[in-house]
Protein chains: 2
Amino acid sequence: MKTLFSVVVLFFVSLSIQAEDGHNLWLRGKSSSTVNVVSSKKSVTLDIAKQELQQGWQGKEGSSVVFTVKADKLIKGDGFKLSSAGIQANTDFGILYGVYELLRCQQTGEEIKEGVINPSYDLRVLNHWDNMDGSVERGYAGLSIFWRKGENSLVVTENDKKLWQEYARANASIGINATVLNNVNASQLVLTPAYLNRVKAIAEVLRPYGIKVYLSAKFSAPALIDKLKTCDPVNPEVINWWKAKAKEIYTMIPDFGGFLVKANSEGQSGPQDYGRTHADGANLLADAVKPYGGIVMWRAFVYAASDEDRAKQAYNEFVPLDGKFHDNVIIQVKNGPVDFMPREPFSPLFGAMKKTSLMPEVQVTQEYLGHSIHLVFLSTMWEEFLKSDTYQEGPGSTVARCTDGSIFPQKYTAIAGVSNVGLDVNWCGHQFAQSNWYAFGRLAWNNKLTSDQIADEWLKLTFYKYSKSNADQISFSADWKDNFLSPVKKMMLESREAAVNYMMPLGLHHIMSANEHYGPGPWWAPARTRKDWTPPYYHQADSLGIGFDRTKTGSNAVSQYHEPLNSQFSDLKTCPETYLLWFHHLPWDYKMKSGKTLWDELCNHYDAGLQQVRGFQKVWDKAQSYVDAQRFTDVQSKLRSQSKNAQTWKDACLLYFQTFSKMPIPYDIERPINNLDELINNDMKRPSLINY
Amino acid sequence: MKTLFSVVVLFFVSLSIQAEDGHNLWLRGKSSSTVNVVSSKKSVTLDIAKQELQQGWQGKEGSSVVFTVKADKLIKGDGFKLSSAGIQANTDFGILYGVYELLRCQQTGEEIKEGVINPSYDLRVLNHWDNMDGSVERGYAGLSIFWRKGENSLVVTENDKKLWQEYARANASIGINATVLNNVNASQLVLTPAYLNRVKAIAEVLRPYGIKVYLSAKFSAPALIDKLKTCDPVNPEVINWWKAKAKEIYTMIPDFGGFLVKANSEGQSGPQDYGRTHADGANLLADAVKPYGGIVMWRAFVYAASDEDRAKQAYNEFVPLDGKFHDNVIIQVKNGPVDFMPREPFSPLFGAMKKTSLMPEVQVTQEYLGHSIHLVFLSTMWEEFLKSDTYQEGPGSTVARCTDGSIFPQKYTAIAGVSNVGLDVNWCGHQFAQSNWYAFGRLAWNNKLTSDQIADEWLKLTFYKYSKSNADQISFSADWKDNFLSPVKKMMLESREAAVNYMMPLGLHHIMSANEHYGPGPWWAPARTRKDWTPPYYHQADSLGIGFDRTKTGSNAVSQYHEPLNSQFSDLKTCPETYLLWFHHLPWDYKMKSGKTLWDELCNHYDAGLQQVRGFQKVWDKAQSYVDAQRFTDVQSKLRSQSKNAQTWKDACLLYFQTFSKMPIPYDIERPINNLDELINNDMKRPSLINY
């Protein structure tokens with residue numbers, strides 16, 4: 001981990017010698033000509049907009065761009081209107097987003113479309129799972145950019161502000177307008193004055209970029225901070241405590257966004273501790289921030305150590321509460337019903353709560369997708385999720401349309417991504433993990449974008465080689481497109497399916513190592529551990545077969561899906577094979593659509609995943625001459641580790657499942673190179689961090 | 001490691017339940033019919049011969065076999081004559097060897113050839129590098145079968161005797177008739193009465209099987225045991241000490257074989273400590289054992305930390321002494337001029353010392369060939385070595401003919417193999433390492449055998465599945481031959497070339513890890529280490545190229561080879577590419593016969609080696625139904641580790657050499673999955689055991 005100081009030093013060095021360390025992200029464009037900016041209004045935000053335009057302008061020399069801040073019925077929220085005259089928006093922030101749109105088009109060679117562009121979601125939120133001591137839960141890119149431990153940890157330095165500004169600029173450039181500064185497994189400390197002072201400082205740096213700060217609130221904070229005897233949401237003292245706390249915060253940060261809450265989940269306290277509902281709890285906090293325009297994002301990620309299928313529990317808990325939440329509450333729902341797996345069907349809550357604002361939560365940090373070691377472009381996963389049809393209001397009721405206000409008249413629309421940002425020089429640990437930050441922002445702004453387009457944009461912005469000869473005019477040569485852009489984009493677009501293949505194909509899920517959620521751990525099931533924290537609970541492998549029966553003969557979780565999905569998923573003839581073992585327990589010799597047995601097909605998937613990663617290595621190595629040395633080597637090195645790990649996944653899962661199937665791995669497949677007992681011993685030797 | 005007790009228990013269990021753990025080696029044959037044995041003479045050895053014949057007879061029911069111990073001019077030493085009447089030999093041991101020959105033919109389906117069969121070498125020796133504390137230097141099959149540490153370590157138990165008998169029987173069955181019981185890096189302890197008592201006990205068990213015991217003698221023993229002030233070989237006190245010691249030994253063990261000596265080599269004392277020559281030293285001991293018919297095997301494995309090319313030093317040291325050794329001295333010469341590498345040209349000493357008995361020393365234990373983890377059938381390496389033409393007495397002066405008495409009238413002919421035997425249930429650590437013990441014995445008996453035949457025999461004897469239905473008649477079905485024998489034999493025959501490919505192709509040598517001599521370590525060169533112990537001394541890689549220049553422009557080691565070899569090796573047009581970097585330093589872009597650059601060819605070899613091992617895994621997995629479960633799993637597990645290690649070798653060497661070549665690994669080759677810095681760090685973390 002670099003210290004903050006060295007981060008900044010490296011940043012400047014990198015600018016001066018043209019070496020690239022990834023710190024500049026996708027913001028590497030430089031102006032090739034001058035542009036006049038005309039603005040009748042003046043503000044810090046408009047100054048930034050002007051400066052960005054002048055620094056990055058690639059349009060006609062001497063053009064004029066007029067900023068017009070003026071309400072227009074067609075322009076919604078942060079939207080803007082582009083025309084030959086310039087940019088019009090309701091707010092200064094809208095102008096800034098218009099500027100970034102213009103620059104992106106110029107720097108990627110995309111045609112600039114005139115007309116109104118509105119964002120899909122009002123709130124485009126990053127959730128930082130940053131702890132007060134500077135560690136980041138499920139963070140793989142170094143320590144927190146917001147918090148640190150030790151003496152003077154709360155002193156705001158110039159370096160802090162510089163980094164926060166860079167962070168704000170990066171977010172604004174892709175449309176993110178909200179950030180939750182601390183972990184959902186929250187500490188009450190953040191709600192105390194010393195920490196709130198730092199929150200205020202952060203808010204001040206982020207504000208000109210249109211980004212509001214939010215905090216994760218610990219439900220038991222009144223007891224922990226002020227020794228209240230209860231945190232019961234109907235208790236007047238508790239109600240007053242939260243009102244006073246809201247007032248205190250808003251006095252310091254008038255545009256404070258509100259709270260994010262994880263309650264009655266995985267050991268966190270919540271309203272159920274007092275016999276109250278999630279609605280009671282959410283409304284308590286919502287009422288406290290309501291006078292100031294604040295909101296509460298209340299997480300639906302709840303499950304008890306009960307006999308009930310974990311995949312069913314959020315739905316069971318929340319659907320009965322539909323209509324009981326106050327209008328400034330948004331229920332934040334993970335994309336899948338279990339937990340950010342490489343592939344899950346969408347959570348049945350989407351579209352099912354028709355009288356409640358719902359927002360998707362996706363995970364940008366790669367907790368279950370290879371951390372910042374594996375190259376996995378998550379955009380395709382999110383695209384698949386957003387385009388999933390819930391059928392809740394007839395065909396075409398996609399998750400995207402169920403959450404962006406197209407179908408249900410939600411007061412607020414929002415989408416959240418769990419951040420992958422840390423103090424690492426390149427922000428995200430892996431150079432390509434930046435593409436996930438980028439993709440999340442782009443999809444949050446426009447949930448109809450294709451992953452192909454997002455990858456195309458990101459690669460052009462991130463890897464185009466500026467040089468003396470081409471700095472004044474960006475042109476993507478056929479050579480560059482054929483030998484860099486096209487193969488590398490293809491690799492990105494395949495990368496998530498590869499990860500599914502070598503980790504959890506055919507609907508398998510939650511079979512990772514219990515420790516770091518990195519490698520495989522299908523065997524992990526110590527005595528006296530809650531079953532729903534162990535992989536065998538999820539894969540259900542036995543001598544007869546494999547998979548979780550969620551049909552009528554099993555947990556019947558499938559019934560939570562709106563028809564025709566219920567029938568489609570229940571029926572083996574129509575259930576997509578990608579979800580097969582999510583919904584069905586099937587014999588090892590079950591005949592797949594390919595004609596192969598389930599066992600053979602499973603083997604083929606694991607091997608295909610490994611071969612795909614090997615292919616990625618070749619793609620990248622062949623791209624060497626198109627990439628600066630440091631970033632080339634960074635990625636090359638990580639791909640090697642990914643390849644090794646993909647082999648470990650394949651070997652572990654096939655050898656483990658083979659102890660049940662008793663069938664040979666098809667002989668046309670490369671053999672395992674690891675022995676099961678060694679893999680298990682290595683896994684078990686690691687410190688157990690039960691922290692789901 | 002199993003205790004001796006459990007070894008024996010397992011042995012009996014394995015016999016009774018038909019499970020196989022490998023303890024029975026290639027001696028699994030059972031009689032299918034009765035045979036009458038007629039012998040005019042009676043002895044323990046002839047009783048054994050009779051019992052073996054009756055236990056394993058697969059010939060005609062009720063046949064008669066006559067044992068005739070009677071001298072015959074055509075029968076030499078341990079030879080024998082087979083005829084329809086029976087077996088004739090000079091000695092009882094000859095009868096026993098004839099019995100094993102008969103049984104081998106019956107059990108492998110080979111036609112029994114009538115006539116005289118004589119061994120290629122008089123002495124067919126196993127060298128055990130066993131230490132007095134029970135550890136085995138370069139042993140990968142558990143502790144010593146002869147020595148152990150702790151209280152009562154010198155007590156001879158029934159279990160000891162049982163194991164030694166099994167060992168003796170295995171050796172006799174393949175013709176081995178001599179065994180050196182302790183490490184060449186010798187302890188003087190073995191020459192003291194308590195230890196000699198145990199030697200006597202071992203000799204008594206081995207004697208009926210025709211095996212004589214030998215001991216490695218420490219040159220400084222007179223000083224260490226009896227505090228003599230010098231060990232100078234011309235000092236009368238020293239001379240008398242050795243004479244007395246010989247007398248003491250021969251009094252206890254009348255057929256004691258003699259001494260093996262490592263002197264003035266790698267820290268061992270020797271005659272040069274007193275300004276004397278190796279001949280002075282060897283003759284000292286030779287004279288002491290001469291009255292009893294004993295011999296001295298004196299090792300030529302010597303090299304000083306000088307500037308002279310290590311590959312030249314043994315020749316330089318010993319050739320001037322030709323003719324100066326007494327006639328019961330045999331110079332024991334390692335097959336190659338450096339040290340048991342995966343591939344070396346033969347040592348130029350062979351055929352060069354025309355007035356001295358010379359014996360080859362090969363290494364059965366896989367010090368540099370993957371320990372008992374890699375499946376490497378060494379027979380092909382030894383065959384290549386024995387068939388190498390030295391040209392010393394014209395074309396056809398092969399190493400075999402230079403050492404077996406065909407060309408030079410040596411008083412003694414001998415060949416030694418460094419044993420791979422230990423206390424492991426299967427004796428050798430790896431089931432297939434047994435084939436190397438087998439092959440060494442077979443080649444020592446008949447140095448014209450092909451590796452194909454040896455592998456064929458060994459596989460039939462070792463893996464034929466006896467069952468109730470076929471126990472009475474061995475028949476190798478087409479199915480068995482096509483699907484087991486043929487592919488598995490092919491794997492064995494390719495296995496050494498595969499190891500050369502993934503470890504040290506194209507004449508590279510001595511680039512293994514300094515620690516265990518297992519994995520790769522081309523980088524290893526700490527400050528203040530003698531250069532000739534470091535891999536960079538041997539590969540000489542730099543920005544210009546790679547390889548050790550042993551031509552006239554370099555060390556001129558090539559001049560030690562008899563013409564036309566000197567010219568052939570010196571000339572790039574005629575130097576075999578297998579020895580290319582042994583004799584030449586060549587530029588990375590040197591054009592190989594394939595048309596490829598040296599760098600590309602090197603990459604191809606490393607990758608080919610890895611792919612070969614992957615192929616072996618498939619061969620073995622496909623053979624599953626033909627092999628008992630335990631041995632199948634044993635080998636399968638080791639092949640996985642070998643595959644992983646082959647990948648490590650490939651990655652380490654290519655990534656390390658790439659730091660010099662600066663050339664890309666050809667894009668049609670699978671990419672490395674390890675990073676060089678991690679490989680080096682892992683290697684360096686191991687405890688340094690500088691012990692060459």
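**Two chains about an axis**

Me: Which residue of chain B comes closest to the rotation axis?
Reply: Happy to start there, with a predicted model in which local features need pLDDT of at least 70, side-chain atom pairs count only at pLDDT 80 or more, and totals for chains, interfaces and linings use all residues. Residues are numbered from 1 along each chain as its sequence is written, chains are lettered from A and ligands numbered from 1 in the order in which they are written, and side-chain values use heavy atoms, without hydrogens and water. At 5.0 Å (C-alpha), the residue of chain B that comes closest to the axis is B:Lys644.

Me: What kind of rotation axis relates the two copies?
Reply: The superposition is by least squares on the C-alpha atoms of residues with pLDDT of at least 70 in both copies. A turn of 180° and a shift of 0.0 Å along the axis lay chain B on chain A with an RMSD of 0.0 Å. The copies are therefore related as by an axis that is two-fold.

Me: What is the radius of gyration of chain A?
Reply: Chain A has 20 helices and 15 strands (DSSP runs, numbered from the N terminus: H or I of at least four residues, E of at least two). The globule rule (2.2 Å times the number of residues to the power 0.38) gives 26 Å for 692 residues. Chain A is close to that, so it is as compact as a globular protein of that length, with a radius of gyration, taken over C-alpha atoms, of 25 Å.

Me: How much of chain A counts as buried?
Reply: Buried means under 20% relative accessible area, exposed over 50%, and partly exposed in between (1.4 Å probe, protein chains only). Of the 692 residues of chain A, the buried share is 62%.
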